[in-house]
Amino acid sequence: MYTTGQLAKKCNVSIRTIQYYDRRGLLHAKRTENGLRHYNDQDLKQLQEILIYKQLGFSLKDIQQIINGTDNNTLKSLIVNQRRKIKQEIKDASEQLASLSQLETFLNKHSDFPGNISQSIFDKIKNTKKLKQLRIKLLLIGITIDFILWGAFFTFFFTKRIYYGAC
């Protein structure tokens with residue numbers, strides 16, 4: 001049996017965290033006659049499981065569903081949702097990094113930048129990114145058209161040669 005303090009120390013969390021999880025129904029302490037909470041090895045294992053799920057980014061509501069779930073379908077569904085959420089966060093963070101890089105480039109080119117970002121400057125930064133993407137698309141379209149034109153030229157040239165060469 002573990003007291004709240006012993007369980008908290010064993011899992012490197014605060015006593016308040018243990019008490020909070022107990023109030024939320026994630027842990028189930030046995031109360032002594034004088035009202036102290038005691039936890040057993042199963043509670044220790046459950047707390048470790050809760051902490052792993054927290055580390056994976058699941059909310060306490062999700063963890064409650066996982067713990068109370070009777071099959072793996074709940075966990076599978078929550079994993080899919082969590083992956084989707086994390087991918088969106090990664091995408092958002094990547095866009096922020098790109099914007100920061102563009103802002104830094106802008107600042108390096110314009111040393112008299114006042115320091116406060118107006119919407120027009122932010123729009124210019126975004127437009128720079130869009131223009132770069134547009135240039136890449138136009139380049140790819142141009143290369144494709146070149147292949148088509150050169151292919152048509154060689155096809156015409158060789159069919160003429162074969163036609164006139166046979167006479």
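**Close-up views of helix packing in a predicted model**

**Figure 1. Asn-12 is an exposed residue, with a relative accessible area of 71%.** In this predicted model, Asn-12 is placed in the loop between H1 and H2. The backbone at Asn-12 has a positive phi of about 55°, although the residue is not a glycine. The 71% relative accessible area of Asn-12 lies over the 50% cut-off, and the residue therefore counts as exposed.

**Figure 2. The protein chain as a whole combines 6 helices with 3 strands.** From the N terminus onward, these elements follow the order β-α-α-β-β-α-α-α-α. The protein chain has 167 residues, of which 21% count as buried. About 13,100 Å² of the protein chain is exposed, and carbon and sulfur atoms supply 58% of that area. Among contacts with a separation of 6 or more, 45% join residues 24 or more positions apart. The mean pLDDT of the protein chain is 84, and 86% of the residues score at least 70. Among the elements, helix H3 (residues 41-55) has the highest mean pLDDT, at 93, whereas helix H6 (residues 119-165) has the lowest, at 78.

**Figure 3. Helix H1 (residues 4-11) packs on helix H2 (residues 15-24) at an angle of about 110°.** The axes of H1 and H2 are 8 Å apart. Because the angle is about 110°, H1 is described as roughly perpendicular to H2. On the H1 side, the contact is made by Thr-4, Gly-5, Leu-7 and Ala-8; on the H2 side, Ile-15, Ile-18 and Gln-19 take part.

**Figure 4. Thr-4, a residue of helix H1, is shown with its contacts.** Is Thr-4 buried or exposed? The relative accessible area of Thr-4 is 11%, which is under the 20% cut-off, so the residue is buried. Leaving aside residues up to four places away in sequence, Thr-4 touches Ile-15, Ile-18 and Gln-19, as well as Arg-37 and Tyr-39. Ile-15, Ile-18 and Gln-19 also belong to the H2 side of the contact between H1 and H2.

**Figure 5. H3 and helix H4 (residues 60-68) cross at roughly 130°.** The axes of these two helices come within 10 Å. The crossing angle makes H3 oblique to H4. The handedness of the H3 and H4 crossing is right-handed. Gln-46, Ile-50, Tyr-53 and Lys-54 of H3 meet Leu-60, Ile-63, Ile-66 and Ile-67 of H4.

**Figure 6. Helix H4 has buried residues that pack against H2, H3 and helix H5 (72-109).** Which residues of H4 are buried? They are Leu-60, Asp-62, Ile-63, Gln-64 and Ile-66. Among them, Leu-60, Ile-63 and Ile-66 are also listed in the contact with H3, while Asp-62 and Ile-66 take part in the contact with H5.

**Figure 7. H4 and H5 cross at roughly 155°.** Their axes come within 8 Å. That angle makes H4 roughly antiparallel to H5. H4 passes H5 in a left-handed crossing. The contact joins Asp-62, Gln-65 and Ile-66 of H4 to Thr-74, Leu-75 and Leu-78 of H5.

**Figure 8. Thr-74 lies in helix H5 and touches residues Gln-65 and Ile-66.** These contacts leave out residues up to four places away in sequence. Thr-74 has a relative accessibility of 26%, and it therefore counts as partly exposed, between the cut-offs of 20% and 50%. The C-alpha atoms of Thr-74 and Asp-62 are 9.1 Å apart, and these two residues are 12 residues apart in sequence.

**Figure 9. Leu-75 is placed in helix H5 and touches Tyr-53 and Ile-66.** Residues up to four places away in sequence are not counted among these contacts. Tyr-53 is one of the H3 residues that meet H4, and Ile-66 is one of the buried residues of H4. How many residues separate Leu-75 and Asp-62 along the chain? They are 13 residues apart, and their C-alpha atoms are separated by 8.7 Å.

Key: Residues are numbered from 1 along each chain as its sequence is written. This is a predicted model: local features need pLDDT of at least 70, side-chain atom pairs count only at pLDDT 80 or more; totals for chains, interfaces and linings use all residues. Side-chain values use heavy atoms; hydrogens and water are left out. Helices (H or I, at least four residues) and strands (E, at least two) are DSSP runs, numbered from the N terminus. Buried means under 20% relative accessible area, exposed over 50%, partly exposed in between (1.4 Å probe, protein chains only). Contact means heavy atoms within 4.5 Å. Accessible areas come from the Shrake-Rupley method with a 1.4 Å probe; for residues, only the protein chains shown count as cover. pLDDT is the predictor's confidence in each residue, from 0 to 100. Axes are lines fitted to C-alpha atoms, for helices over the stretch in contact, and angles run from 0 to 180 degrees between N-to-C directions. Angles under 35 degrees count as roughly parallel, over 145 as roughly antiparallel, 65 to 115 as roughly perpendicular and the rest as oblique. A crossing is left-handed if the near helix is turned anticlockwise from the far one by less than a right angle, and right-handed if clockwise.
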